[in-house]
Amino acid sequence: MENFFEKIAPSYTFEIFPPKGNASTAGTYAVIDSLVSFNPDLISVTYGAGGSSRDNTVEITSGIQNKYNVCGVAHLTCVGTTRAELKAILDRLKANNVRNVLALRGDLKDESDLGEFHHASELISFIKEEYGNEFDIFAACYPEKHPESKSVEEDLIHLKEKCDLGVKGLISQLFFDNDIFCEWREKARAMGIKQPIIAGVMPITSAVQISKVVELCGASVPDRVRRFVNAYGHNQGAIKEAGIAYATEQIIDLLTRDVEGIHLYTMNQADTVRRIDAGIRSVLYTKRYALRSDR
Ligand SMILES: Cc1cc2nc3c(=O)[nH]c(=O)nc-3n(C[C@H](O)[C@H](O)[C@H](O)COP(=O)(O)OP(=O)(O)OC[C@H]3O[C@@H](n4cnc5c(N)ncnc54)[C@H](O)[C@@H]3O)c2cc1C
């Protein structure tokens, strides 16, 4: 099995969501058919904290790994669940040859949601205790801090705790301002965090989407983005064009600033990915070629 962490940086990876409940998986596989043509280093599959799509996460991640021979990463949340339930899911992943998980706490509606686990770090410890090094574990990180943290510094202390438990890579929350990401990355490195930090980029495709996303994760919106959302928000086609152009430029700038990986939040929109891919491909491969020559 190919190991993601042995591949050359900068990595190029995608996130998709599985179908909800009993909905057919055919549409999701059609999206994956298109996405694999862009040669991603891995595809990660989200996990419904409410439980609606947990089986589908296992099924789709297994399909990515086994049918497409692309590294599949299963997101796994621990909030409101038990060790036995998590073990059952991890056993199924293992039996299906999936050896990469993104270990998450999940969002809390209130403190009574917590159950047996309080933080993602406890899930990471649990996986290590039960499975040793059989899984490569990713964790989430937040360039603009997690909304529950009082400060970036406090959040980084807890991120370092997760890293010290044996996390192999970090995937960041989406952000729109590369300066914020790069300044935060320096702080993370100064704290002794050495794991590859993969930058999460979400293309803006509608005014509703960006307002929801900002409300949920608190990402800063640069003036330039605010201007095009205000100007074209009423026109679906126009805002999507502007969003694709912005994400493309954002990624090119991140690659120029030596980011270790780009993680595209695809929202299962293969056509948006195709447009961005066309805009970044030669920069991505130039960067990879330069790094290979330096070795
Ligand atoms: C890349 C990415 C993918 C995601 N995918 C999903 C998904 O598929 N499904 C889903 O439901 N959600 C997903 N989420 C959202 C995630 O579940 C939420 O952001 C959640 O609120 C926090 O998860 P975490 O793993 O970062 O938690 P934690 O690492 O536990 O951090 C949560 C908060 O607790 C603090 N904290 C951590 N440890 C301690 C400690 N020991 N003492 C005190 N405070 C502590 C942290 O600083 C932070 O403020 C994703 C987020 C990201 C960035």
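**View 1. Phe176, Met202, Pro203, Ile204, Gly243, Tyr246, Ala247 and Gln250 wrap around the second largest cavity.** This is a predicted model, and the space enclosed here comes to about 30 Å³. Sort the lining by class and you get six nonpolar residues, two polar ones and no charged ones.

**View 2. The largest cavity holds about 50 Å³ of space.** Its lining is made up of Tyr142, Pro143, Glu144, Lys145, Gln173, Leu174, Cys217 and Ala219. Here the split is five nonpolar, one polar and two charged. Counting cavities of 30 Å³ or more gives two.

**View 3. Now for the ligand, with 24 residues around it.** Tyr47, Asp107, Tyr142, Ser149 and Asp155 are the closest of them. Tyr142 turns up in the lining of the largest cavity as well. By class, the shell around the ligand has nine nonpolar, nine polar and six charged residues.

**View 4. Zooming in on polar atoms at the ligand, we start with Tyr47, whose backbone puts a polar atom 2.7 Å from a ligand nitrogen.** Asp107 uses its side chain instead: a polar atom there sits 2.7 Å from a ligand oxygen. At Ala120 it's a backbone N or O atom, 2.8 Å from an oxygen of the ligand. Taken alone, the ligand has 980 Å² of accessible area, and the protein covers 85% of that.

**View 5. Which elements each supply at least two residues of the ligand's shell?** They are strands E3 (71-77), E4 (100-104) and E6 (169-174), plus helix H5 (152-164). H5 gives the largest share, with four residues.

Methods
Residues numbered from 1 in each chain as written. Predicted model: local features only at pLDDT ≥ 70, side-chain atom pairs only at ≥ 80, totals over all residues. Heavy atoms only, no water. Near = heavy atom within 4 Å. Polar contact = N/O pair within 3.5 Å; in protein donor to acceptor, adjacent residues only side chain to side chain. Areas by Shrake-Rupley, 256 points an atom, 1.4 Å probe, with all protein chains shown as cover. Nonpolar A, V, L, I, M, F, W, Y, C, P; charged D, E, K, R; others polar. 1 Å grid on protein atoms, 1.4 Å probe; cavity = no way out; pocket = protein on both sides within 12 Å on 5 of 7 lines; lining within 4 Å. Points joined across faces, edges and corners; volume = space filled by probe spheres on them.
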